[in-house]
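The following exercises concern a single protein chain. Each one gives a task and then a solution in steps.

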Amino acid sequence: LKAKKQAAKARVAKKAAAIKAKKAKKQEAVKAIRAKKAELKSSGPVSPFTLYVQKTAIKGKKANLSTQAAQWKTMTDAQKKPYVTEASKNLAKRNAIRNKQKKPAGKYALFMKKNFPAAYKAALKTTSDKKQAFKVATQAVSKKYKSQ
């Protein structure tokens with residue numbers, strides 16, 4: 001009887017540990033996503049209008065977006081230029097961060113990128129249907145990759 005109770009307790013403890021590990025894994029994934037988003041956000045606003053709204057907003061007060069939008073529309077291109085240039089710099093920063101966060105392409109993707117265009121051209125010569133040509137070319141390149 002004692003052995004049965006101990007075995008039941010062990011099963012319950014094992015299940016609890018598994019659930020706890022699953023929760024911890026999920027929390028780590030959420031943290032990683034939030035870190036990526038924070039890193040992207042650190043590049044600054046990528047829209048000239050958003051940049052204008054942030055810079056003209058009064059600290060501690062809620063911004064009146066409709067008046068800021070009206071002011072933005074009445075501004076000349078020369079007045080908007082500093083916001084446009086800064087926003088384009090921010091966009092370049094953001095794209096650099098995105099490229100850094102991307103996973104490198106795998107062997108199959110690189111092989112496809114190298115061999116697909118020629119196979120697609122050849123498939124187009126045999127059929128006028130682009131969808132069918134795509135399917136044939138993909139299968140041919142896939143077969144070629146597997147035969148390596």
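From the N terminus on, the elements of the protein chain follow the order α-α-α-α-α-α. The model is predicted, so local features need pLDDT of at least 70 and side-chain atom pairs count only at pLDDT 80 or more, while totals for chains, interfaces and linings use all residues. Residues are numbered from 1 along each chain as its sequence is written, and side-chain values use heavy atoms, with hydrogens and water left out.

**Exercise 1. Describe the overall form of the protein chain.**

Step 1. The protein chain holds six helices and zero strands; helices (H or I, at least four residues) and strands (E, at least two) are DSSP runs, numbered from the N terminus.

Step 2. The radius of gyration of the protein chain is 28 Å, whereas a compact globule of 148 residues would have one near 15 Å. This radius is taken over C-alpha atoms, and the globule rule is 2.2 Å times the number of residues to the power 0.38.

Step 3. The C-alpha trace spans about 80 × 70 × 25 Å along its principal axes.

Step 4. Of the 148 residues, 18% count as buried; buried means under 20% relative accessible area, exposed over 50%, and partly exposed in between (1.4 Å probe, protein chains only).

**Exercise 2. Determine the span of helix α1 and how far it is covered.**

Step 1. Helix α1 comprises residues 2-41, which is 40 residues, and reaches 58 Å from its first C-alpha to its last.

Step 2. That value is close to the 58 Å expected at 1.5 Å a residue, where the expected span is 1.5 Å times one less than the number of residues.

Step 3. The helix α1 is hardly covered, as the count of buried residues among its 40 residues is one.

**Exercise 3. Trace the surroundings of S43 and R94.**

Step 1. S43 lies in the loop between α1 and α2 (48-56), while R94 has its place in helix α4 (residues 77-101).

Step 2. S43 counts as buried because its relative accessibility is 3%. R94 is also buried, with a relative accessible area of 17%.

Step 3. The side chains of S43 and R94 are joined by a polar contact of 3.1 Å. A polar contact is a pair of N or O atoms within 3.5 Å; within protein, one must be able to donate a hydrogen and the other to accept it, and residues adjacent in sequence count only if both atoms are side-chain atoms.

Step 4. Backbone oxygens also take part: that of L40 lies 2.7 Å from a polar atom of the S43 side chain, and that of G44 is reached by the R94 side chain at 3.0 Å.

Step 5. Not counting residues up to four places away in sequence, S43 touches N90, K93, R94 and I97, and R94 touches L40, K41, S43, G44 and V46. Contact means heavy atoms within 4.5 Å.

**Exercise 4. Which residues make up the largest nonpolar core?**

Step 1. The eight residues are F111, M112, F116, A119, A123, A133, A137 and V141. A nonpolar core is a set of buried Ala, Val, Leu, Ile, Met, Phe, Trp, Tyr and Cys residues joined through side-chain atoms within 4.5 Å.

Step 2. The elements giving two or more residues to this core are α5 (107-126) and α6 (130-146), and α5 supplies the largest share, five residues.

Step 3. A119 touches A137 and V141, not counting residues up to four places away in sequence.

Step 4. Another core, of six residues, lies apart from this one; among them are L51, W72, M75 and Y83.
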